[in-house]
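Visitor: I would like a close look at one part of this model, namely its main pocket and the elements around it. Please take me through it step by step.

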Amino acid sequence: MDAPQAAHLPLLEEIARDLSGDPSFPTCMDAATLIRDTLKDPEASLERVCKAVSIEPLIASKVLRVANTASRNPSGKPVTGLNQAISTLGFECVRTISLAVALDQMLKSPKLVAFSALAKRTWNHSLHQAAIARVLARHLGRINADEAMLSGLVSHIGVFYLLYRAADKASYQHNEAL
């Protein structure tokens with residue numbers, strides 16, 4: 001292993017230890033993970049999903065805003081409760097919203113300032129993939145559009161995790177090669 005590669009070894013070992021246990025992300029990502037895990041359970045009730053969503057105010061407010069958009073609420077009658085908003089949107093859409101909010105918060109994290117250009121490019125690429133996946137799923141009709149969009153959105157989540165972890169290391173703060 002040459003010297004430049006060896007310089008990355010401590011960070012990679014730390015990440016490997018972290019991933020063998022419970023990875024550490026910002027609070028919003030933890031909430032999105034909780035929501036995802038809750039929604040994975042086929043027995044998950046609306047009440048349990050509401051409880052998980054309400055833990056993170058940013059996610060809860062975004063769910064309410066989306067439920068009140070013209071495309072999701074053609075009647076125009078305000079959706080004011082989280083139960084009603086989640087029922088209106090469906091679990092897959094809530095999962096997508098929670099991850100989108102979490103990734104957006106990571107992008108805006110002060111820790112990622114040193115990597116803002118790369119983080120922004122990665123985020124825009126993920127949004128582009130999510131949009132393409134959603135359009136293709138709607139066109140083909142065999143795949144749930146919200147699931148397809150979610151897949152595109154999280155396709156590069158590993159990059160955000162690596163940037164978030166590298167941000168703690170002074171040796172990476174001014175590394176243009178990332």
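Guide:
**The largest pocket and its surroundings**

In this predicted model, the largest pocket has a lining of 24 residues, and those that lie nearest its centre are Lys62, Val66, Ile97, Ala100 and Met149. The volume of this pocket comes to about 450 Å³. As background to such a value, rolling a probe the size of a water molecule over the atoms shows where empty space is left.

Turning to what surrounds that space, at least two lining residues are supplied by each of helix 4 (57-67), helix 6 (91-107), helix 7 (116-140) and helix 8 (145-154). Helix 6 gives the largest share of the lining, with seven residues. In chemical character the lining of the largest pocket is mixed, since its residues divide into twelve nonpolar, five polar and seven charged.

Within helix 6 one also finds Thr96, a residue whose relative accessible area is 4%, and because buried means under 20%, Thr96 counts as buried. Leaving aside residues up to four places away in sequence, Thr96 touches Asp146, Met149, Leu150 and Leu153. Of these contacts, Met149 has been met already, as one of the residues nearest the centre of the largest pocket.

Helix 5, which covers residues 82-89, deserves attention next, and its buried residues include Leu82, Ala85, Ile86 and Leu89. Seen down the axis of helix 5, the buried residues fall within an arc of 95 degrees, and therefore they line one face of the helix. The general background is that an α-helix has 3.6 residues a turn, so residues three or four places apart point the same way. The partners against which the buried residues of helix 5 pack are helix 3 (46-54), helix 4 and helix 6, and of these partners helix 4 and helix 6 also supply residues to the lining of the largest pocket. Just after helix 5 comes Gly90, which takes a positive phi of about 90 degrees.

To set this part in the context of the whole chain, there are nine helices and zero strands. The chain has 178 residues, of which 38% count as buried, and it exposes about 10200 Å², with carbon and sulfur atoms supplying 58% of that area. Among the contacts in the chain with a separation of 6 or more, 64% are between residues 24 or more positions apart.

Definitions and conventions: Residues are numbered from 1 along each chain as its sequence is written. This is a predicted model: local features need pLDDT of at least 70, side-chain atom pairs count only at pLDDT 80 or more; totals for chains, interfaces and linings use all residues. Side-chain values use heavy atoms; hydrogens and water are left out. On a 1 Å grid over the protein atoms alone, a cavity is a set of points where a 1.4 Å probe fits but cannot get out, and a pocket is an open set with protein on both sides within 12 Å along at least five of seven lines; lining residues have an atom within 4 Å of a point. Grid points are joined across faces, edges and corners, and a volume is the space filled by probe spheres set on the points. Helices (H or I, at least four residues) and strands (E, at least two) are DSSP runs, numbered from the N terminus. Ala, Val, Leu, Ile, Met, Phe, Trp, Tyr, Cys and Pro count as nonpolar, Asp, Glu, Lys and Arg as charged, and the others, Gly among them, as polar. Buried means under 20% relative accessible area, exposed over 50%, partly exposed in between (1.4 Å probe, protein chains only). Contact means heavy atoms within 4.5 Å. The arc is that of the directions from the helix axis to the C-beta atoms. Accessible areas come from the Shrake-Rupley method with a 1.4 Å probe; for residues, only the protein chains shown count as cover.
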